[in-house]
Amino acid sequence: SSPDRVFNFAPGPATLPETVLKKAESELYVWRDSGMSVMEMSHRGKDFLSIIQKAESDLRTLLDIPEEYHVLFLQGGATTQFAALPLNLCKPEDQVDYVVTGSWGDKAFKEAQKFCTPNVIWSGKSEKYTKIPSFSELDQLQNPHARYLHICSNETIHGVEFKDYPTPKNPNGVLIADMSSNFCSKPVDVSRFGVIYAGAQKNVGPSGVTIVIIRKDLIGNAQDITPVMLDYKIQAENNSLYNTPPCYAIYMCGLVFEDLLEQGGLKEVEKKNKKKAEILYNAIEESNGFYRCPVEKSVRSLMNVPFTLEKSELEGEFIKEAAKEKMVQLKGHRSVGGMRASIYNAMSLAGVEKLVAFMKDFQSRHA
Ligand code: PLP
């Protein structure tokens, strides 16, 4: 890897595969025989159309997305989807269920309150968002009339991840997941979901594009007040090209999808992610309490690993020393403190091994 690059443990925007960055660099000025950069192309020209179509088809292969789902490349971040979902799927009086396992689920719920009638059926807040409810418990709590059940499959700040997915109690209801921070980190059975959405800037690209995978029969009933940009029907009918899309971000995602396919697809990617997470969590467990991860073991995220120091006064020193050794962005979110190592697809095993070696060394000097 390039000597002037750091190991970037940021939660997003996050590290990208070097092979992808180099490929992008090699076609930065002139993309194939187009005579121009992807940044300069018309989004309606044949070159860009081939780029967005290839990106979609590679993503469909990666996640084995069934024909009855649309794939949309939208703007506004996952945050915009917090509003678009209730606007498209509900009338104001419609009831929907939210499982709140961290701050992102909470934000999604709060936004939905403006457009429909959501209920938080379970919240992990009183336990500092360190748990995922059991599905039998959720079964009891679900509203049988809820139009959808919303989860955040991986809470980026708190590091809790669903390892399997609940089923909506309403036979006509659908499961919706904010997969922003574990999208394409492992295989997922898309057919279990009505909608999957994810900001790209963690696992699959730069910021600026949000991917929405939505079952086709769920579109077409948006509330009248729905802004045109948030209307899935309009976006789907125009193949995400109703207005000018985030062309370059879509192109970069396309390069990442190609790279993930070259790695052997998401089963292989998951194996690597499990290995990285395992050595990091093991290092925390084997530190005799010097490091601590607050999250319940069975739901620890493969992507975002929060941890604290028993001697919390050393946390600043830990982050500073790590940065000197080219491991950056390890500070935990301001709402929880401590440290957080985000180890998305593009974080190499070497990066995690280096972090673990540093942690052991830091402990030996400060224990
Ligand atoms: N959902 C999750 C799980 C996130 O991690 C984030 C951002 O970090 C968001 C939603 C918000 O995404 P955006 O900044 O793209 O709106």
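Me: At what angle do helix 1 and helix 7 pack, and how far apart are their axes?
Reply: In this predicted model, helix 1 (residues 18-26) and helix 7 pack at an angle of about 130 degrees, and their axes are 10 Å apart. An angle over 145 degrees would count as roughly antiparallel and one of 65 to 115 as roughly perpendicular, with the rest oblique; helix 1 and helix 7 are therefore oblique to each other.

Me: Is the crossing of helix 1 and helix 7 left-handed or right-handed?
Reply: Helix 1 passes helix 7 in a right-handed crossing. On the helix 1 side, the contact is made by T19, V20, K23 and A24, and on the helix 7 side by M252, L255, V256 and D259.

Me: How do those residues divide by class?
Reply: The contact of helix 1 with helix 7 has five nonpolar residues, one polar and two charged.

Me: What about helix 2 and helix 7: how do their axes cross?
Reply: The axes of helix 2 (residues 46-63) and helix 7 (residues 247-262) come within 9 Å and cross at roughly 40 degrees. That makes helix 2 oblique to helix 7. The crossing in which helix 2 passes helix 7 is left-handed.

Me: Which residues make that contact?
Reply: Helix 2 contributes F48, I51, I52, K54, A55, D58, L59, T61 and L62. From helix 7 come C247, I250, Y251, C253, G254, F257, E258, L260 and L261. By class, the contact of helix 2 with helix 7 has 13 nonpolar, two polar and three charged residues.

Me: Changing topic to the sheets. What is the order of the strands in the sheet of seven?
Reply: The order is 2-10-9-8-5-3-4, in an open sheet with mixed pairing. Strand 2 (69-74) and strand 4 (117-123) are the edge strands, and each pairs on one side only. From one strand to the next, the twist averages 15 degrees.

Me: How many bridges join strand 2 to strand 10?
Reply: Six bridges join strand 2 to strand 10 (residues 210-215), and the two strands run antiparallel. Within this pair, Y69 stands opposite R215 in strand 10.

Me: Which strands does helix 4 touch?
Reply: Helix 4 (residues 103-112) packs on the sheet and touches strand 3 (95-100), strand 4, strand 5 (148-152) and strand 8 (174-178). The direction of helix 4 makes about 160 degrees with that of strand 3.

Me: And the sheet of three strands, which strands stand at the edges?
Reply: This open sheet has the order 11-12-14, with antiparallel pairing. Strand 11 (291-292) and strand 14 (339-342) stand at the edges, each with a single partner strand, so one side of each is left without a neighbour in the sheet.

Me: How many bridges are there between strand 12 and strand 14?
Reply: Strand 12 (residues 304-309) and strand 14 pair in the antiparallel sense over four bridges. N304 has S342 as its bridge partner in strand 14. Helix 8 (residues 266-285) packs on this sheet, touching strand 11, strand 12 and strand 14, and its direction makes about 15 degrees with that of strand 12.

Me: How do the axes of helix 8 and helix 10 cross?
Reply: The axes of helix 8 and helix 10 (residues 349-366) come within 10 Å and cross at roughly 0 degrees. That makes helix 8 roughly parallel to helix 10. Helix 8 supplies K272, K275, K276, I279, L280 and A283 to the contact, while helix 10 supplies L349, V352, E353, L355, V356, M359 and K360. These residues divide into eight nonpolar, no polar and five charged.

Me: Now the ligand. Which residues are around the ligand?
Reply: They are G12, G77, A78, T79, W104, C152, T156, D178, S180, S181 and G199. Helix 3 (residues 77-89) gives the most to this shell, with three residues. By class, the shell has three nonpolar, seven polar and one charged residues.

Me: What kind of peptide bond joins G12 and P13?
Reply: G12 and P13 are joined by a cis peptide bond, with omega about -5 degrees. P13 is in the loop between strand 1 (7-8) and helix 1, and G12 is one of the residues around the ligand.

Me: One last item: what is phi of Y129, and where is Y129 placed?
Reply: Phi of Y129 is near 55 degrees, a positive value in a residue other than glycine. Y129 lies in the loop between strand 4 and helix 5 (135-141).

Technical notes: Residues are numbered from 1 along each chain as its sequence is written. This is a predicted model: local features need pLDDT of at least 70, side-chain atom pairs count only at pLDDT 80 or more; totals for chains, interfaces and linings use all residues. Axes are lines fitted to C-alpha atoms, for helices over the stretch in contact, and angles run from 0 to 180 degrees between N-to-C directions. Angles under 35 degrees count as roughly parallel, over 145 as roughly antiparallel, 65 to 115 as roughly perpendicular and the rest as oblique. A crossing is left-handed if the near helix is turned anticlockwise from the far one by less than a right angle, and right-handed if clockwise. Two residues are in contact if their C-beta atoms, placed from the backbone, lie within 7 Å. Ala, Val, Leu, Ile, Met, Phe, Trp, Tyr, Cys and Pro count as nonpolar, Asp, Glu, Lys and Arg as charged, and the others, Gly among them, as polar. Two strands pair if DSSP finds at least two bridges between them. A residue is near a molecule or strand if its C-beta atom, placed from the backbone, lies within 6 Å of it.
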